[in-house]
Amino acid sequence: MTSQRHSDDALLDAARDCVVEVGVRRTTLTDIAKRAGVSRMTLYRRFPDVGTLVRALMTREFTALLGRIEATGDNARQRLVAQAVQGIRLLAADPLLRRVLDLDAELMLPYLVRRLGSTQKLVEAFLLARVEEGHADGSIRRGSAAAQARLVLLTTQSLVLSIGPATADLDFEELLAELATHLDAALS
C-alpha cells in the first residue's frame, strides 16, 4: 500500500506540474506519464483518463490545504470565520487553482450548477464539524448544522471562484474583512 500511495503521489505531482504549466485541457496522460517517469500503461492502469486524475489531484490538494488552516479564536464561531478567511487566502494564492480558473474555468461549472464534487463535500464536512462545535459551545446560533455549513460553503466558494472580477476594483483584504463580518453575523 505504501508503494502504491507513493506511486500515486508521484503521478499526482506530475499531473499538478502539467496542469500548472498548460492547464487541464492541454494536459495529456502521455505528458503526465513522461513527467512522472512511468509508462503510459502504468498511468492508465491507475487513472483511466485526465479527468479522473485531476479529480484525485484536487481532492489531495484540498485535503492538504485544509490541514494547513489554523484554528484561532476564543470560540468555534470565531475559529470557523478565521478558518474560512484563511482558506480563501490560501486558495487565492494556490497556483493549481489559479491556473484552472484562468484557463479552464468552464470545467468548474458542473460543480456549481449540477452537483457537489468530492472536494466540495470534503470542505463541507470540515465546515459541518466547525458548525457543530459552535452549537455545542453556544457561539453559533441553533439551526440546521447541515444548512449552515452548506451556506458557508457556497458563500466562500463564490468568492474563491470569482476572485478575479471581485478584486478588479476592490482590495482583496477588504473583501476578506467584509466576508469575516458577514459570516460572523450570519452565524451569531
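Axes here are lines fitted to C-alpha atoms, for helices over the stretch in contact, and angles run from 0 to 180 degrees between N-to-C directions. The exercises below apply this to a predicted model.

**Exercise 1. Describe the make-up of the protein chain: how many helices and strands does the chain have, and what does the C-alpha trace span along its principal axes?**

Solution. Begin with the count, which gives 11 helices and zero strands for the protein chain. Reading from the N terminus on, the elements accordingly run α-α-α-α-α-α-α-α-α-α-α. For the dimensions, the C-alpha trace spans about 55 × 45 × 30 Å along its principal axes.

**Exercise 2. Work out how H4 and H8 are arranged: at what angle do they pack, and which residues meet?**

Solution. Two packed helices are described by the angle between their axes and the distance between the axes. For H4 and H8, the packing angle is about 20° and the axes lie 9 Å apart. Angles under 35 degrees count as roughly parallel, and so H4 is roughly parallel to H8. The crossing in which H4 passes H8 is right-handed. On the H4 side the contact has Met58, Thr59, Phe62, Thr63 and Leu66, which meet Ser118, Thr119, Leu122, Val123 and Phe126 of H8. Sorted by character, the residues of this contact are six nonpolar and four polar, with no charged residue.

**Exercise 3. Classify the pair H8 and H9: at roughly what angle do their axes cross, and how do the residues of their contact divide?**

Solution. The axes of H8 and H9 come within 8 Å of each other and cross at roughly 125°. This angle falls outside the ranges for roughly parallel, roughly antiparallel and roughly perpendicular, so H8 is oblique to H9. H8 passes H9 in a right-handed crossing. Among the H8 residues in the contact are Gln120, Val123, Glu124 and Leu127, while the H9 residues there include Ala145, Ala146, Gln148 and Arg150. The contact as a whole divides into nine nonpolar, four polar and three charged residues.

**Exercise 4. Classify the pair H9 and H11 (residues 172-187): how far apart are their axes, and which residues make the contact?**

Solution. H9 and H11 pack at an angle of about 170°, and their axes are 12 Å apart. Because angles over 145 degrees count as roughly antiparallel, H9 and H11 are roughly antiparallel to each other. Their crossing is right-handed. H9 contributes Gln148, Val152, Thr155, Thr156 and Leu159 to the contact, and H11 contributes Leu175, Leu176, Leu179, His182, Leu183 and Leu187. Of these contact residues, seven are nonpolar, four are polar and none is charged.

**Exercise 5. Describe the largest pocket: what is its volume, and which element gives the most to its lining?**

Solution. The volume of the largest pocket is about 770 Å³. Its lining has 37 residues, of which Met58, Phe62, Met108, Thr119 and Gln120 are the closest to the centre. The elements that each give two or more residues to this lining are H4, H5, H6, H7, H8 and H9. H4 gives the most, with nine residues. By character, the lining divides into 24 nonpolar, 10 polar and three charged residues. To link this pocket with Exercise 2, note that Met58, Phe62 and Thr119 are among the residues closest to the pocket centre and also belong to the contact of H4 with H8.

Note on methods
Residues are numbered from 1 along each chain as its sequence is written. This is a predicted model: local features need pLDDT of at least 70, side-chain atom pairs count only at pLDDT 80 or more; totals for chains, interfaces and linings use all residues. Side-chain values use heavy atoms; hydrogens and water are left out. On a 1 Å grid over the protein atoms alone, a cavity is a set of points where a 1.4 Å probe fits but cannot get out, and a pocket is an open set with protein on both sides within 12 Å along at least five of seven lines; lining residues have an atom within 4 Å of a point. Grid points are joined across faces, edges and corners, and a volume is the space filled by probe spheres set on the points. Helices (H or I, at least four residues) and strands (E, at least two) are DSSP runs, numbered from the N terminus. Ala, Val, Leu, Ile, Met, Phe, Trp, Tyr, Cys and Pro count as nonpolar, Asp, Glu, Lys and Arg as charged, and the others, Gly among them, as polar. Angles under 35 degrees count as roughly parallel, over 145 as roughly antiparallel, 65 to 115 as roughly perpendicular and the rest as oblique. A crossing is left-handed if the near helix is turned anticlockwise from the far one by less than a right angle, and right-handed if clockwise. Contact means heavy atoms within 4.5 Å.
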